[in-house]
Amino acid sequence: MKMPIGFRFHPTDEELVVHYLKRKALSLPLPASVISEFDVLGTHPWSLPGEVNEKRYFFSSRGRDGGGSGGYWKPIGREKPIIETGSNEVVGMRRTLIFCGRKPSNHTNTRWFLHQYRLLHSNSTQMVKREMAGDWLVFRVFQRKRKARKHAAKMATCIDFTADCPVFNPPPQSTSPSSSEITEVSPNGLDEEESSAFITSCIRN
């Protein structure tokens, strides 16, 4: 389903698990037909359907290892619980993986990440057993954006020559932070622990 102009599909972790993954496992109607079925782990991330610069979502059945001559998905960090609002019960788990490209000499990390969500099966009669659920997973695939620090350094270098020029060096203003200042952009889609695991993985490679 193609979203109308101006609309974006940005579900929370809880919404993905409770309203999409769980209903998919129970063969119930979904809120919207915006998540297609695809072999995510067996496909290069840049070859997946959809806009490359947008976060993309897919259903896939468990048991597909993926990988191939071009690369593979490697887990980083620990699985994180998904808690349902109201009941405060853990209904699913989220795992973060990074795509590693294979080279003749070594394996290198790329800027491609995915979040893999799985259900936690309870003993409740309202929750289907694993065999009936089909072991469905849902994925969020995205690229980690580069930080703005290098860009800020380049801009600072470009205006060094204006230091003594009154046109470019106006009287001092208030010391309060300005909205126009360039600040470091945090990794898109990764929390602090996952970012640390990503950096550690890069050092090891």
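# A tour of the rings and strands

Start by selecting Lys24 and Trp136: the charged end of Lys24 sits over the ring of Trp136, 4.8 Å from the ring's centre. Keep in mind throughout that the structure on screen is a predicted model.

**The whole chain**

Zoom out and colour by secondary structure. The protein has four helices and six strands. Read from the N terminus, the order of the elements is α-β-β-β-β-β-α-β-α-α. Of the 205 residues in the protein, 32% are buried.

**Ring pairs**

Now show the aromatic side chains. Across the whole structure, a search finds seven aromatic pairs. One of them is formed by Phe59 and Trp136, which meet edge-to-face, with 6.5 Å from centre to centre and 75 degrees between the planes. This pair links distant parts of the chain: Phe59 belongs to strand 2 (residues 56-61) and Trp136 to strand 6 (residues 136-143), 77 residues apart. Is Phe59 buried or exposed? Its relative accessible area is 1%, so Phe59 is buried.

Next, select Phe113 and Phe142. The centres of these two rings are 6.0 Å apart and the planes are at 15 degrees, so the pair is stacked. Here too, distant parts of the chain are linked, since Phe113 is in strand 5 (residues 107-119) and Phe142 is in strand 6, 29 residues apart. Both Phe113 and Phe142 are buried. Leave Phe142 on screen and add Lys55, which lies over the face of Phe142 at 5.9 Å from the ring centre.

For the last stop among the rings, select Phe9, Tyr20 and Tyr57. Ring pairs link these three residues into a cluster.

**Strand 2 and its neighbours**

Hide the side chains and select strand 2. Five of the six residues in strand 2 are buried, so the strand is mostly covered. Which strands pair with strand 2 in the parallel and the antiparallel sense? Strand 1 (residues 36-37) pairs with strand 2 in the parallel sense, over two bridges. Strand 6 pairs with strand 2 in the antiparallel sense, over six bridges.

Single residues show how these strands line up. Select Glu37 first: its bridge partner in strand 2 is Phe59. On the side of strand 6, Phe59 stands opposite Val138. Then select Arg56, which stands opposite Val141 in strand 6. Strand 6 itself is mostly covered, with six of its eight residues buried.

With a strand on screen, one general point is useful. In a regular strand, side chains alternate between the two faces of the sheet.

**The hairpin of strands 3 and 4**

Move to strand 3 (residues 71-83) and strand 4, which pair in the antiparallel sense over 10 bridges. To see one pairing, select Ile76, whose bridge partner in strand 4 is Thr96. How much of strand 4 is buried? In strand 4 (residues 90-102), 10 of the 13 residues are buried, so the strand is largely enclosed by the rest of the structure.

The two strands form a hairpin with six residues between them. Select Gly86 in the turn, where phi is positive, at about 100 degrees. Then select Asn88, which is in the loop between strand 3 and strand 4. Asn88 has a phi near 60 degrees, a positive value in a residue other than glycine. With a relative accessibility of 62%, Asn88 counts as exposed.

**A second positive phi**

Go back towards the start of the chain and select Ser27, in the loop between helix 1 (13-25) and strand 1. Ser27 is not a glycine, yet it has a positive phi of about 60 degrees. Is Ser27 buried or exposed? Ser27 is exposed, because its relative accessible area is 67%.

**A patch on the surface**

Finish by turning on the surface and selecting Ile83, Val90 and Leu120. Together these residues make a nonpolar surface patch of about 220 Å². Ile83 is located in strand 3. With a relative accessible area of 44%, Ile83 is partly exposed.

Notes: Residues are numbered from 1 along each chain as its sequence is written. This is a predicted model: local features need pLDDT of at least 70, side-chain atom pairs count only at pLDDT 80 or more; totals for chains, interfaces and linings use all residues. Side-chain values use heavy atoms; hydrogens and water are left out. Rings of Phe, Tyr and Trp (its six-membered ring) pair if their centres lie within 6.5 Å; planes under 30 degrees apart count as stacked, over 60 as edge-to-face and the rest as tilted. Buried means under 20% relative accessible area, exposed over 50%, partly exposed in between (1.4 Å probe, protein chains only). A charge sits over a ring if NZ of Lys or CZ of Arg is within 6 Å of the ring centre and within 35 degrees of the ring normal. Two strands pair if DSSP finds at least two bridges between them. Patches are made of residues with over 30% relative accessible area and no salt bridge: like charges are joined within 9 Å, nonpolar side chains (Val, Leu, Ile, Met, Phe, Trp, Tyr) within 5 Å. Accessible areas come from the Shrake-Rupley method with a 1.4 Å probe; for residues, only the protein chains shown count as cover. A salt bridge is a side-chain nitrogen of Lys or Arg within 4 Å of a carboxyl oxygen of Asp or Glu.
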